[in-house]
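Work through these exercises with the structure in view. Try each task before you read its solution.

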Amino acid sequence: MDYCKTIEYRITPTKAYTIIRNCSGCGRKEHYVSTGNFRVNANGRQLDVWLVYQCEKCKHTYNLPIYERVSPEKIEDAQYQAFLGNDADTALQFGTDRNLFLKNRAEIDIERLECTIEKLNDDCAKHEGVENSEIQIIIHNPYMLPIRTDRLLPEILQMSRSKIRQLIKDGSIQYFGSNLAERTEIKVYYTDKS
Ligand SMILES: [Zn+2]
């Protein structure tokens, strides 16, 4: 058994989450997308900050609350300037903060998640000559994106979807749960590696 080869990946969202919500303009559920802009309202000693979303059909807006009635001292100056300047990285940061969406009961459209899969190490790219080997794949999902593990495997393992299904069925690919956790371990057993 030639064990101990570990490949690690990290999943990172590349676009603010799309929200599904009732649109009063359209009169039905619609997709709201991030405009990348913040709305900041300073009212005396209280500050509100929202990330502005827009119905993609009728442009009706929805403001996703980031801060509500906080004292200005609570927000660092650099961040405050980022809000005022509609800083793109900051908009992406809050637009992919799952807790913010949970807190505001904003429904994330899972079908429209956009993310990248980044390989963190590559110390097991080659294992020729090994007939029976086991590879461990660790997927880090710090944003807790609700993604099915088997959806990622064709890209990671460079195999077809049907091949992956077959390997899962016969136990050559093993992992717990159907969706990615914050950290997911996958064991892949190669028995007839060419
Ligand atoms: Zn609408």
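**Exercise 1.** Find the strand order of the open five-stranded sheet in this predicted model, and say which strands stand at its edges.

*Solution.*
- Step 1. Trace the sheet across. The order is E5-E4-E3-E2-E6, and the pairing is antiparallel.
- Step 2. Look for strands with a single partner. These are E5 and E6, so each has one side without a neighbour in the sheet.
- Step 3. Check the edge pairs. E4 and E5 are joined antiparallel over seven bridges. At the other edge, E2 (residues 19-23) pairs with E6 (residues 107-108) over two bridges, again antiparallel.
- Step 4. Pick out facing residues. Leu-51 is opposite Leu-64 in E5, and Ile-20 is opposite Glu-107 in E6.

**Exercise 2.** Describe how E2 connects to E3.

*Solution.*
- Step 1. Count the bridges. E2 and E3 share five, in the antiparallel sense.
- Step 2. Find a facing pair. Ile-19 stands across from Tyr-32 in E3.
- Step 3. Inspect the link. The two strands make a hairpin, with four residues between them. In the turn, Gly-27 has a positive phi of about 75 degrees.

**Exercise 3.** Determine which helix packs on the sheet and which strands it touches.

*Solution.*
- Step 1. Go to residues 88-95. This is helix H2, and it packs on the sheet.
- Step 2. List its strand contacts: E3, E4 and E5.
- Step 3. Compare directions. H2 makes about 125 degrees with E3.

**Exercise 4.** Locate the largest nonpolar core and name the strand that gives the most to it.

*Solution.*
- Step 1. Start from a general tendency. In soluble globular proteins, nonpolar side chains tend to be buried together.
- Step 2. Find the core. It has 14 residues; among those touching the most other members are Phe-38, Trp-50, Leu-51 and Ile-66.
- Step 3. Assign strands. E3 (28-43), E4 (46-55) and E5 (61-70) each supply at least two residues. E4 gives the most, with five.
- Step 4. Zoom in on Leu-51. Its contacts beyond four places in sequence include Phe-38, Leu-64, Ala-91 and Phe-94.
- Step 5. Look elsewhere. Another core lies apart, with 12 residues, including Ile-11, Ile-135 and Leu-180.

**Exercise 5.** Decide whether the whole protein is compact or spread out.

*Solution.*
- Step 1. Count the elements: five helices and 10 strands.
- Step 2. Compare radii. The radius of gyration is 22 Å, well over the 16 Å from the globule rule for 194 residues, so the protein is more spread out than a compact globule.
- Step 3. Add the dimensions. The C-alpha trace spans about 70 × 40 × 20 Å along its principal axes.
- Step 4. Check burial. Of the 194 residues, 18% count as buried.

Technical notes
Residues numbered from 1 in each chain as written. Predicted model: local features only at pLDDT ≥ 70, side-chain atom pairs only at ≥ 80, totals over all residues. Core = buried A, V, L, I, M, F, W, Y, C linked by C-beta atoms within 7 Å. Buried ≥ 20, exposed ≤ 12 C-beta atoms within 10 Å, placed from the backbone. Contact = placed C-beta atoms within 7 Å. Rg over C-alpha atoms; globule rule 2.2 N^0.38 Å. Pairing = 2+ DSSP bridges. Axes fitted to C-alpha atoms, helices over the stretch in contact; angles between N-to-C directions.
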